[in-house]
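Work through the exercises below with the sequence and the model side by side, trying each task before reading its solution.

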Amino acid sequence: MSWENVIGIEVHVELATHSKMFCGCAVSFGDEPNTNVCPTCLGLPGALPVPNQAALESIMAIGMALNCTVAPTSVFHRKNYFYADLPKNYQISQFDVPICIEGHLDVTVGDITRTVGIERAHMEEDTGKSTHVSVGGRIHSASSTLLDFNRSGVPLVEIVSKPEIQSAAEARAYAQSLRSVVAELGVSDARLEEGSIRFDANVSVRPAGQEELGTKVEVKNMNSFRSLERAVQYEIDRQIELIESSGTVTQETRHWDEEAGVTRSMRTKEGSSDYRYFAEPDLVPMRMDEEWVERIRATLPELPADRIERYVASGLDAGMAAVLSGADFPTRTLYESTVAEGADVRSAANWVTGEVTARLRRGDGADEDDLLTGRQLAELIELIDAGTISSSAAKDVLDGVLSGEGDPGEVARSRDLLQISDTSAIEEAVDEVLADNPDALESLRSGEVKVLGFLVGQVMRATQGKADPKLVNEVIRARAGD
Amino acid sequence: MEDFTIAIAGARLRDGSLRAVDLLAGVLKIASDTEAQIHAYLNIDHAGAREAAERADNELAAGVDRGPLHGIPIALKDNMMTRGLETTAASQILAGYVPPYDATVVSRLREGGAVIVGKTNLDEFAMGSSTENSAYGPTYNPWDINRIPGGSSGGSAAAVATGSALVGLGSDTGGSIRQPASLTGVVGMKPTYGTVSRYGLIAFASSLDQIGPLSRTVEDSALTLGAIWGHDPLDATSYRGDYPDLFSQIGAGVDGLKVGVVKELGGEGYEPDVDASVSAMVEQLSASGAEVVEVSLPTFDIALSAYYLIAPAECSANLARFDGIRYGLRVEGETAEEMMSRTRASGFGPEVIRRILLGTYALSAGYYDAFYGQAQRVRSAIRDDFARAYQQVDVLVSPTSPTVAFEAGERTDDPLAMYLSDICTIPCNLSGDPAISVPIGLDSRGLPIGFQVMAPALGEPMMYRVASAVEDLAGFQDRPSLEMVAT
């Protein structure tokens with residue numbers, strides 16, 4: 001029997017606003033526990049929430065980038081449940097009137113791009129963080145729990161896809177696309193390892209062609225794109241195997257065990273959770289009037305899909321356009337400014353994504369801002385194109401620029417890397433090499449063209465790489481008599 | 001001690017014939033004479049009050065005038081956060097809790113130079129109508145110490161009635177300022193929802209709670225409200241527009257005003273003395289030139305039912321934070337869940353538990369629409385009823401309470417009878433409109449009767465105008481006999 005997968009992804013994005021969702025405490029990762037707290041985010045008696053305008057603008061931007069409609073009015077609800085790291089024992093969240101509804105995101109796996117629907121994006125507050133400790137260090141034998149409320153009240157956007165994702169690879173691609181959109185908007189640190197983006201997957205399977213949906217299982221605890229893909233694939237396989245061996249899938253929440261590579265039942269009483277949502281009486285309904293929405297829309301940066309399209313139109317091939325579009329902001333800025341200085345788009349893209357990125361990754365030039373400007377890189381490319389320096393010498397010039405030795409022209413001169421284009425000097429060097437290698441000259445004369453490369457190499461070595469290889473080539477051929 | 005009002009004391013503090021420390025000493029003398037019988041206070045802040053009074057004297061002598069409450073002894077219901085001063089909401093679950101911050105009203109009082117005498121008793125978390133639901137014992141009525149003072153702001157009402165404070169703050173969710181004011185013969189006022197910040201008020205039902213003054217006179221009420229109201233950026237439900245001048249209409253009389261008598265609030269279930277006294281006042285208003293009409297607001301009959309779904313629903317969430325984890329009482333257990341549940345079971349009193357259960361039930365899946373949803377629809381209908389009424393009349397009037405002060409223990413075993421105490425006051429909480437209770441006389445047993453004046457949202461100037469006229473017409477000067485109360 002052939003099976004069809006029905007996958008929906010819920011993504012939680014922590015916003016990188018200065019202050020928390022409903023109070024003035026700092027949003028800051030990694031501080032001493034319980035230092036960014038106040039009556040409101042500790043749930044002290046009498047404290048009240050006041051919504052963070054910047055967070056609302058961030059979720060509006062996310063919604064727009066995901067092609068959602070921003071609702072003209074929206075309401076916060078209380079989601080009631082008791083948990084030690086939830087200070088009020090209710091979470092201020094949204095229920096039936098979220099801020100963003102009905103969007104979509106293009107997702108590419110291999111050569112196939114599909115559009116995945118987005119049901120909603122809503123605003124809520126994060127909980128505190130529990131750390132279970134015991135002598136053995138095992139959760140099961142935890143003897144006490146430490147609570148850190150620094151995260152309590154950090155603005156959180158929950159983005160819920162429609163159940164339109166069809167494979168584990170597509171689930172991963174969806175999550176990656178979503179992350180790049182959020183990172184592009186600059187509204188979140190978007191770091192998986194710090195938990196500023198978290199994924200849950202709803203997975204079910206059904207026989208191909210069947211209308212009715214299979215029983216859905218929620219899978220949690222995936223902390224990388226790879227583990228998301230693995231967990232979803234595991235869950236698909238598990239469900240199919242279960243059904244094919246006459247079992248039934250139970251509606252439940254399962255925990256992904258990264259080490260064992262399996263999902264495990266969390267043994268929660270499913271259906272027993274009644275959050276008793278009701279409209280948050282401490283807050284008034286939000287109104288997102290058209291003027292506000294348009295003002296936010298005007299601040300939206302170029303999104304990855306649009307940028308790739310622009311790069312391709314300017315002459316880059318699709319592969320390079322995608323690589324460059326996925327590069328970080330400083331890298332792209334360098335590319336854009338290099339091109340703006342008149343450099344060829346392909347040369348600029350090659351240098352930026354190749355040699356420059358490799359050096360910056362190594363940490364060269366990490367101490368100062370703007371060590372390499374677009375003007376400098378454009379100059380470097382021009383020096384190569386004009387034959388003033390060779391491509392290999394250009395890498396040394398780049399090192400010099402990154403060490404703060406000056407502009408490419410200056411570095412080429414001071415490091416003595418200018419290409420020798422003076423024919424007489426080259427002739428002199430060629431003659432010396434030919435005199436030292438009479439056999440090779442003979443071979444060349446008798447038609448063995450492959451020794452040409454060897455001879456050119458010898459001349460280049462003799463000139464410490466400064467000779468123009470094209471000229472060297474011509475001179476050797478002339479001497480060989482053809 | 002002289003029978004001071006804020007206005008009189010304020011004038012004498014400024015002309016140098018009275019010192020704030022002496023005024024405070026007089027108030028504390030009354031407290032020490034009466035507290036054993038009345039128990040208006042949970043906690044008197046002798047040191048803090050003395051310091052504030054001394055500062056007020058120094059400032060006033062130096063010509064620094066912080067406004068009408070400068071140097072005035074004020075009592076605060078113990079559900080308002082006072083930095084460094086124990087605040088319990090009369091609950092075991094907050095026994096010994098010392099807040100790290102001031103409620104906005106408290107900050108405003110401090111900035112205004114008021115002298116905070118202490119924290120007054122209340123029904124636990126403001127849930128009740130007699131101040132008998134306090135975990136620290138009931139408050140008694142200075143007019144008859146076998147009777148209750150009403151509630152839940154019974155402590156502040158009793159303090160103002162006995163003179164152990166010149167003025168008090170209460171909170172009113174379903175009548176908790178106006179009903180005890182009525183039962184103790186003082187003026188009690190609930191402002192328009194959103195005009196007094198709730199920041200730092202321990203929430204009972206957020207969409208209904210509102211802080212307001214209990215005072216000797218209508219003028220004192222307006223002076224106190226003026227000092228505490230105004231937009232607060234810390235309360236997202238705080239009103240942002242213009243605040244009217246509270247004194248702009250006081251003294252203008254009622255000639256030419258249209259006064260609506262609420263048909264549904266009177267008759268069966270109302271004590272004859274209450275009905276008679278209220279009718280007599282309506283007659284007097286008419287004789288003073290007001291056009292009196294009977295107005296029917298049919299939704300008032302179901303307001304109580306709606307209230308007892310909405311308020312418990314909100315309280316079930318508001319009180320969820322009292323879990324023993326971060327502050328307050330903790331009763332240990334094997335697991336965090338067990339600890340929370342033991343803490344709550346032993347920290348909350350029976351009425352609080354009853355309302356949390358009611359509210360939890362009303363919000364539950366499958367019941368939400370029939371209970372909470374329906375109650376919200378009733379609430380809209382009540383607002384519509386009010387809006388229609390205010391197209392015809394300037395103010396609405398009624399008794400504040402169907403009865404005078406009842407005997408201690410009389411209704412404690414019958415929650416529904418207790419809930420009926422608030423039948424006249426609840427509609428204005430559901431609509432968010434302002435209302436005031438003014439004492440107009442005593443019944444045949446010598447117990448005070450209150451008259452309620454209701455006005456549309458932000459209609460405080462009109463409300464105070466009519467209340468002031470009622471006060472003048474009633475000429476109510478009686479005070480409880482302190483000799484009888486004093487030990």
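**Exercise 1: the contact of two chains**

Find how many residues each chain gives to the contact, and sort the side of chain A that touches chain B by residue class.

Solution. The contact, in which two residues count if their C-beta atoms, placed from the backbone, lie within 7 Å, takes 25 residues from chain A and 32 residues from chain B. On the side of chain A that touches chain B, 15 residues are nonpolar, five are polar and five are charged; Ala, Val, Leu, Ile, Met, Phe, Trp, Tyr, Cys and Pro count as nonpolar, Asp, Glu, Lys and Arg as charged, and the others, Gly among them, as polar.

This is a predicted model, in which local features need pLDDT of at least 70 and side-chain atom pairs count only at pLDDT 80 or more, while totals for chains, interfaces and linings use all residues. Residues are numbered from 1 along each chain as its sequence is written, with chains lettered from A and ligands numbered from 1 in the order in which they are written.

**Exercise 2: a helix and its cover**

Determine which residues of α3(A) are buried and what covers them.

Solution. Begin with helix α3 of chain A, residues 225-244 (helices are DSSP runs of H or I, at least four residues, and strands runs of E, at least two, numbered from the N terminus). Its buried residues (20 or more other C-beta atoms within 10 Å of their own, C-beta atoms being placed from the backbone) include A:L228, A:V232 and A:I236. Among the elements that cover the buried residues are β1 (3-14) and α2 (168-185) of chain A. Finally, just after α3(A), A:S246 takes a positive phi of about 65 degrees.

**Exercise 3: a pair of helices**

Identify the residues through which α14(A) and α15(A) meet, and classify them.

Solution. From α14(A), A:L452, A:L455, A:V456, A:V459 and A:M460 meet A:P469, A:V472, A:N473 and A:I476 of α15(A). The residues of this contact comprise eight nonpolar, one polar and no charged.

Key. Buried ≥ 20, exposed ≤ 12 C-beta atoms within 10 Å, placed from the backbone.
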